[in-house]
Amino acid sequence: MRIMLKKFSLLIICLFAALSAQAQWSVSPELGLSAYQRHLYEWRPGIKVGAAVEYQFTPLFSLESGLYYTQRGYSYTDFTDYEYVTKEKPSLLRHMFQIPLRARFAWEVADEVRLFVGAGPYLGLFFANDWRDTFVHRNDDHGRTVEGGLSVMGGVEVKRFFVRLGSDLSFGDERYHAETISFGYRF
């Protein structure tokens, strides 16, 4: 039994080494500015910061995931009638962790210059709501804590520095749309 366990362990180690030799892992921290819009509301500025993890199968194709902090929200004019009529312009800023899973394609166009594109689904987890400029809605619970959608991106990498343009479109009732430009470095 002990010999079989050693052989099995050796087989797993060899299999892992073979897979590691054929594929490369990289981590790419990035920082970006975004503009986001909830369906039929105005565009608002935001930030997107995080890191992508890429598993490269071939020089052309890889899978990319990661963890990002980003923002969503909206503003509107509200007329509320309690004992008196008030006019407010409440603003909601929602804080979210986003986990994308994208198929990524890259082409070397010059020495140490690569163009890349990618697309795939994402999962967003809202963890905080911040109401501003309101008395009436200051304690409102916005409810939904999970967002799913489609993420597409493209960019250029020079040596290991890159610029990425991205677009996110959420599915569901709120229908957020976000455009991002970010800068980063691939390790």
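This passage walks through the fold, the salt bridges, the largest pocket and a nonpolar surface patch of one protein chain.

The model described here is predicted. A good place to begin is the overall layout. The chain holds one helix and ten strands, and the helix comes at the N-terminal end of the order, which reads α-β-β-β-β-β-β-β-β-β-β. Of the 187 residues in the chain, 40% are buried.

Charged side chains offer a helpful second view. Side chains of opposite charge can pair when their charged atoms come close. Across the whole structure, ten salt bridges are found. One of them joins the side chains of D168 and R72, with an N to O distance of 3.7 Å. D168 belongs to strand β9 (residues 161-170) and R72 to strand β3 (residues 61-75), so this pair ties together parts that lie 96 residues apart in sequence. Both partners can be placed by their accessibility. D168 has a relative accessible area of 4% and is therefore buried; R72, with a relative accessible area of 1%, is buried too.

E157 deserves a paragraph of its own, as two salt bridges can be followed from this residue. In one, E157 pairs with R104, and the closest N and O atoms are 3.8 Å apart. This pair links distant parts of the chain, since E157 sits in strand β8 (residues 146-158) and R104 in strand β6, 53 residues apart. In the other, the side chain of E157 meets that of R186 at 2.8 Å, N to O. Here again distant parts are linked: E157 is in strand β8, while R186 is in the segment after β10 (176-185), 29 residues apart. Are these three residues buried or exposed? E157 counts as buried because its relative accessibility is 2%, and R104 counts as buried at 6%. R186 has a relative accessible area of 17%, which also makes this residue buried, the cut-off being under 20%. The three residues also belong to a wider arrangement: E30, E54, E64, R102, R104, E157, R164 and R186 are linked in a network of salt bridges.

From here the view can turn to empty space. Rolling a probe the size of a water molecule over the atoms shows where empty space is left. The largest pocket contains about 240 Å³ of space. Its lining is made up of 13 residues, and those nearest the centre are Q24, Q56, E157, R160 and R186. E157 and R186, the salt-bridged pair described above, are thus met again in this lining. What kinds of residue make up the lining of the largest pocket? Eight are charged, three are polar and two are nonpolar. Strands β1 (24-38) and β2 (44-56) each contribute at least two residues to the lining, and β1 gives the largest share, with three residues.

The surface shows another kind of feature. A nonpolar patch is formed there by L67, F97, I99, L123, L125, F127 and V146, which together have about 580 Å² of accessible area. At least two residues of this patch come from each of β6 (91-110) and β7 (113-132). Strand β7 gives the most, with three residues. F127, one of the patch residues, lies in strand β7. With a relative accessibility of 46%, F127 counts as partly exposed, whereas E157 at 2% counts as buried.

Conventions:
Residues numbered from 1 in each chain as written. Predicted model: local features only at pLDDT ≥ 70, side-chain atom pairs only at ≥ 80, totals over all residues. Heavy atoms only, no water. 1 Å grid on protein atoms, 1.4 Å probe; cavity = no way out; pocket = protein on both sides within 12 Å on 5 of 7 lines; lining within 4 Å. Points joined across faces, edges and corners; volume = space filled by probe spheres on them. Helix = DSSP H or I, 4+ residues; strand = E, 2+ residues; numbered from the N terminus. Nonpolar A, V, L, I, M, F, W, Y, C, P; charged D, E, K, R; others polar. Patch = residues over 30% accessible without salt bridge, like charges linked within 9 Å, V, L, I, M, F, W, Y side chains within 5 Å. Areas by Shrake-Rupley, 256 points an atom, 1.4 Å probe, with all protein chains shown as cover. Salt bridge = Lys/Arg side-chain N within 4 Å of Asp/Glu carboxyl O. Buried < 20%, exposed > 50% of the residue type's maximum accessible area, 1.4 Å probe, protein only.
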